[in-house]
Amino acid sequence: MSNRRRLWQIFGPVICAVLLLIAVLLFPWDRTYSANSIFEAATSQSDRIFKGQRMKQEALAGKYVPFFGSSELSRMDSLHPSVLAYKYNRNYTPFLLGGAGSQSLAHFYGMQGIKSQLTNKKAVVIISPQWFTKKGQDKNAFSLYYSNLQAINFLLDAKDSIATRYAARRLLQMPSGKSSETVKYALMTVASGQPLSESQKLVLQTRRRMLVNEDTFFSTFQLPDCVNKIKAQAKLLPDKYTINGLTKVADAEGSLHTTNNKFAIDNTFFKTRLNEKELKKLKGSQKHFDYTKSVEYSDFELMLKQFAHEHTDVLFIIPPINAKWAKYTHLSNKMYQKSVKKIKYQLASQGFSNITDLSKDGGKKYFMQDTIHLGWNGWIAVDKAVKPFMQKSYSNTNYRIDNYFFTRNWQNRTKVESIKTVKLSNKTVVPSTGSKKK
C-alpha cells in the first residue's frame, strides 16, 4: 500500500468531515419553530435567545412584542406582564429581552438582528435609573448578552455617523468586542469613520452565515422552562379583568410573602440575600450613590437612535426604589429624582412622549417585591400603561434625534430644565431643543 493511500485512509475521513461541516454551516438553512417553542423562548430570558436572532425574528413578526429590561423581568409573580397577557388572552404576548446586568449597550447590540421586526411596530422598555452609574454597563455582565453575530450585523449595516462611531468605540471598550480579531479590526475601521473594505465585508458575511446557522439550530437547546410557572400564576387571577380584582390578588400575595422583615421585601429574597450581617453592612451604604453622571446616558441614546430609525412606537416605564430600603441605605431621593428628570428630558426632547414615571411610588403598599424590583401592585401600575398602549393602533412617530446626547457634556450634566408639553390630538408635542446646550 502506498504512503499516499495510507495517509488518505488516516486523514481522509477527517478532511471530509471538516469539509462537510463547513458546507453545512455555510448553507442557508431555514427552520420554522412551533408555537410552543416560541412561547417558551419568549418567557425564558435565555441569554442564548438574547444573543441570537432567528427565534426573535419569527416571534416578533407575529403577535409578540419586545419588552426590553433587566432583572425586574425575572420577578414573575401573578401580576407579571407575561402572566396577565396569557391569562386574559390579549392580542399581544411579551417577548422578554434582558436579565440581570443587561443595560442599554447590550440592548442596542441585541437589536441589530431584529431591526426589520422593530420597524413600524411597538415596544416596551423598562429603564432603570440604577443603570446610570458612573461607568455604566458592567463589562462582565455585558459579555453574558453579547455575541459576534450582533456585532457583525451592526458592522455590515454600518453607515458613518456620530452614533455609529460611538457604538463601535463603546464595544471596543468591552473585552467581548475584542474577542475576535476580525470583528475588532472592523470595529476599529468603523470607529475611525472609514468604510469597511470589500475583503472585510466578505469575511464578515461568511462568518455571519455560519453564526446564523448555529443560532438557528442551537439557540433553543434546553431553554429554562417558565411556561408552567406562568400557567400556575395565572390560576391565582380572577377570570374577569378588573383593577379592583387584580388589586385584591396583589394585596393578598404581598401580605403573604412579606412577613419576615420590616422593608416589605419578599421573604425568600430577604432570607437568602439580606441576613443580619449583610444588613449591618448595607446600612447607609448608598449615601454617596449618584445616577446623574454616567456614560449610560449616551448608551441609552443608541437605543433611542435605533428606535427612531425603525420608527418604533415605544412605551418607556421608569420604576421606583423601595422607599423603606432607600431610607435604610440613605439613598438620596433628591438625586434619584434628578436622574429621572434627566432621563425624561432626554426622551421627551427627542419626541419620545410615551413615558410612565413610577419613580415616586416606591412607598406604596406592596408596590415593590424587593429592594429595587417591581412587585405585585407595581406590575398593576405597569399594566395600566401597557394595556391601553397595546390596545391603540400603531402611532406614526415624529422623533428628532440630537447627537448632543452622545457627548460627555450630556453624560456629566446634572441640571436640566423642565420641558413644557402641549397636548394636540392626544399626542404630546415637545419643543425642539437643538444642540446648543451647556
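User: Happy to be looking at this one with you! Leaving aside its neighbours within four places in sequence, which residues is T164 in contact with?

Analyst: Glad to help, and please keep in mind that this is a predicted model. T164 lies in helix α10. Once the neighbours within four places in sequence are set aside, the residues in contact with T164 are F154, A158, K159 and V190.

User: Is T164 buried or exposed?

Analyst: The cut-off for a buried residue is under 20% relative accessible area. T164 has a relative accessibility of 10%, so T164 counts as buried.

User: How far apart in space are T164 and A191, C-alpha to C-alpha?

Analyst: T164 belongs to helix α10, while A191 is among the buried residues of helix α11. In sequence, 27 residues separate T164 and A191. In space, their C-alpha to C-alpha distance is 7.2 Å.

User: Why is α10 described as largely enclosed by the rest of the structure?

Analyst: The buried residues in α10 are A163, T164, Y166, A167, A168, R170, L171 and L172. Their cover includes α6 (104-110), α8 (139-145), α9, α11, α17 and α21 (408-411). The helix is largely enclosed by the rest of the structure because its buried residues number 8 of the 11.

User: Turning to helix α11, which helices do its buried residues pack against?

Analyst: Helix α11 covers residues 181-191, and its buried residues are V183, K184, A186, L187, T189, V190 and A191. One of these, V190, is also in contact with T164. The buried residues of α11 pack against α9 (148-157), α10 (162-172) and α12 (198-218).

User: Which residue just after α11 takes a positive phi?

Analyst: Helix α11 runs over residues 181-191. Just after it comes a residue with a positive phi of about 85°, and that residue is G193.

User: By about how much of the helix are E181 and K184 separated?

Analyst: The side chains of E181 and K184 meet in a salt bridge, at 3.5 Å from N to O. E181 is partly exposed, with 43% relative accessible area, whereas K184 is buried at 17%. In general, an α-helix has 3.6 residues a turn, so residues three or four places apart point the same way. Because E181 and K184 are 3 residues apart in helix α11, their separation is about one helical turn.

User: And in helix α16, is K281 buried or exposed?

Analyst: The side chain of K281 meets that of E278 in a salt bridge (3.5 Å, N to O). These two are 3 residues apart in helix α16, so about one helical turn separates them. E278 is partly exposed, with a relative accessible area of 25%. K281 reaches 57% relative accessibility, so K281 counts as exposed.

User: How many residues apart are D239 and K87, which link distant parts of the chain?

Analyst: The structure holds 14 salt bridges, and one of them joins the side chains of D239 and K87 at 3.3 Å, N to O. D239 sits in the loop between α13 (227-234) and α14 (243-257), while K87 is in helix α5 (residues 81-87). D239 is exposed at 71% relative accessible area, whereas K87 is partly exposed at 23%. The pair links distant parts of the chain, with a separation of 152 residues.

User: Where does K293 lie?

Analyst: K293 helps form a positive surface patch together with K134, K334, K338 and K415. With a relative accessible area of 34%, K293 is partly exposed. Its place is the loop between α16 (276-282) and α17 (296-310).

User: What is the C-alpha to C-alpha distance between S285 and A326?

Analyst: S285 lies in the loop between α16 and α17. S285 counts as partly exposed, at 33% relative accessibility. In sequence S285 and A326 are 41 residues apart, and in space their C-alpha atoms are separated by 9.9 Å.

User: To finish with the whole protein, what share of the contacts with a separation of 6 or more comes from residues 24 or more positions apart?

Analyst: The protein has 21 helices and 7 strands, and 53% of its 438 residues are buried. It exposes about 21300 Å², of which carbon and sulfur atoms supply 54%. Among contacts with a separation of 6 or more, the share from residues 24 or more positions apart is 81%.

Terms used
Residues numbered from 1 in each chain as written. Predicted model: local features only at pLDDT ≥ 70, side-chain atom pairs only at ≥ 80, totals over all residues. Heavy atoms only, no water. Patch = residues over 30% accessible without salt bridge, like charges linked within 9 Å, V, L, I, M, F, W, Y side chains within 5 Å. Areas by Shrake-Rupley, 256 points an atom, 1.4 Å probe, with all protein chains shown as cover. Salt bridge = Lys/Arg side-chain N within 4 Å of Asp/Glu carboxyl O. Lys, Arg positive; Asp, Glu negative; His and termini not counted. Charge placed at Lys NZ, Arg CZ, Asp CG, Glu CD. Helix = DSSP H or I, 4+ residues; strand = E, 2+ residues; numbered from the N terminus. Buried < 20%, exposed > 50% of the residue type's maximum accessible area, 1.4 Å probe, protein only. Contact = heavy atoms within 4.5 Å.
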